[in-house]
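Please work through the exercises below with the sequence and the model open side by side. Each task is followed by a solution that goes step by step.

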Amino acid sequence: MRARSLHLIVSAALMLPGCAALSAGALAQAPAAAANPQIAAAQVSFESLPEAERRAIQADLIWSGHFNGAVSGSYGPLTFRAINAFKAGKGAPDGLLTPAERRSLAQAAQAAREAAGFRVIADERTGLRIGIPAAVLPKRDVAPSGSRWQSADGKITLDTSATPLGETLEAVYEKATAPTPNNPGRKITYKLLRPDFFVVTGETPTGKFYRRLASGPSGLRGFSIGYDKALAPSVDKLVIAIAASFEPFPTGPLPQAPAVASASGPTAGSAISATAASAAAARPTERHATGVALGERLVATAAAGIEGCRTLRVGGRLARLRGVPEAGLALLDIEGGAALAAPATRSEPPAEGEDLVLLAFGEEGGRRVPVALPGRIVAGAAGPAVLAPLQPGQAGAAAFDRQGRLAGLVTGNPSDRVLIAGVAPQRSHALAAAAAVQAAASRAGAPLVLAPAGSADRSTGAIVDARASAILPILCGL
């Protein structure tokens, strides 16, 4: 169902199994973020980035020595503190990166990767993929069931392993965590067993170790790394990076090494920014907006979103402007296709501080995809406005109240002039309230159904399911 494809911009503390020694902290990110308004505000901007860029930022923070959490793409106190630690008083401690700061982070991380000689390789003996710091582990050999890399002095050893179907993950885990009478100084510092992987970390009197093993259709695959305790300040960071790169049963091509932009170039990192992605997906002669159905062949959008358009397509169908825009709203007649259904609308004006759900279209992987974003009514210079993390191309976003009724339409055009880490920050945007939308529809001979206030609020998912079919992407040919 189309409604189910909507990307909800919500907090998600996702654990990367490869960083299990750090996972407890990662799992605590989302609740703590919700309790801290500053972290919550930064989270909204961060999680508007493409997932690949979010992960790239966290991976770069690992290499800069500021992040010891899971590379999950989710945002919370660990990422917030890591970004602020990287900025180290050189910028506002807001948990966000400006484009210049993002370039600086990417360059610092890439310098650290290059110094370590870090590259993700395909291990032919086991079939897994893993990042190897070749400058740190230059010695290559075979291990009992895989491959081995060691430092020149033998104080760091990384082994990969593959075991055919037979021994179970649980059985190996029990052995890995059992007491060792022959090594009484060995102790387990962290252990985690899941249906498809386990992680065990520990110490000996002189060393530290980390082991991860995953199960799949072809058996068990994993890696372990042991190192001298005296090397922990530098090797701990490498362990996190290696674990983040680990793919026990890989598919697709090997990941490319991150490319770093020059100091004057675009935002750097292993993924392009949201703005760059949008520019790559849309030719310079195109612009995007969002519309909401008002009738079987009638769609409303922001006049600012279609200004100067020579051609219009709504949901892939040809469209043309009807009449002259009023109150920041433009009405479009669309051709052919299935009849559209307008959402139920409210009659009462928006209340300051009221929470809304905004439905629009955004850029992901070169495609326009539906998104749901949080919004809140604030006082604007010329009437009600909505405070929301809307991005360029989301003019015309439909605003729904918590009961799923159309509460208005965003007429402000999100700007790409002020971006943080390639993303427009949360700010207020002009809103045509439901009464203005209703008036425009009535003038066009398509009055909307007014719905009374309900008794209970709906979840964002329920609003998405009920209203997504009325939200349409608009392509403007300039």
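The exercises treat the overall make-up, one helix, one lysine and the nonpolar cores.

The model is predicted, so local features need pLDDT of at least 70 and side-chain atom pairs count only at pLDDT 80 or more, while totals for chains, interfaces and linings use all residues. Residues are numbered from 1 along each chain as its sequence is written, and side-chain values use heavy atoms, with hydrogens and water left out.

**Exercise 1.** State how many helices and strands the protein has, and what percentage of its residues count as buried.

*Solution.* Counting DSSP runs numbered from the N terminus (helices: H or I, at least four residues; strands: E, at least two), one finds 12 helices and 22 strands. Of the 478 residues, 50% count as buried, where buried means under 20% relative accessible area, exposed over 50% and partly exposed in between (1.4 Å probe, protein chains only).

**Exercise 2.** Determine which residues of helix H11 are buried and why they line one face of the helix.

*Solution.* Begin with the residue range, 434–443, in which Ala-434, Val-437, Gln-438, Ala-440 and Ala-441 are buried. Viewed down the axis of H11, these buried residues fall within an arc of 160°, and therefore they line one face of the helix; the arc is that of the directions from the helix axis to the C-beta atoms. Next, turn to the face directed away from the buried side, which carries the exposed residues Ala-435 and Arg-443. Finally, the cover over the buried residues of H11 includes strands S15 (329–334), S20 (406–410) and S21 (427–433).

**Exercise 3.** Describe the surroundings of Lys-208 in strand S9.

*Solution.* Lys-208 counts as partly exposed because its relative accessibility is 21%. Leaving aside residues up to four places away in sequence, Lys-208 has contacts (heavy atoms within 4.5 Å) with partners including Tyr-227, Lys-229 and Asp-236. Lys-229 is 21 residues from Lys-208 in sequence, yet the C-alpha to C-alpha distance is 5.9 Å. The side chains of Lys-208 and Asp-236 are joined by a polar contact of 3.3 Å.

A polar contact is a pair of N or O atoms within 3.5 Å; within protein, one must be able to donate a hydrogen and the other to accept it, and residues adjacent in sequence count only if both atoms are side-chain atoms.

**Exercise 4.** Identify which helix gives the largest share of the largest nonpolar core.

*Solution.* A nonpolar core is a set of buried Ala, Val, Leu, Ile, Met, Phe, Trp, Tyr and Cys residues joined through side-chain atoms within 4.5 Å. The largest has 47 residues, with Leu-61 and Trp-63 among those with the most contacts inside it. Its largest share, eight residues, comes from helix H8 (residues 232–245).
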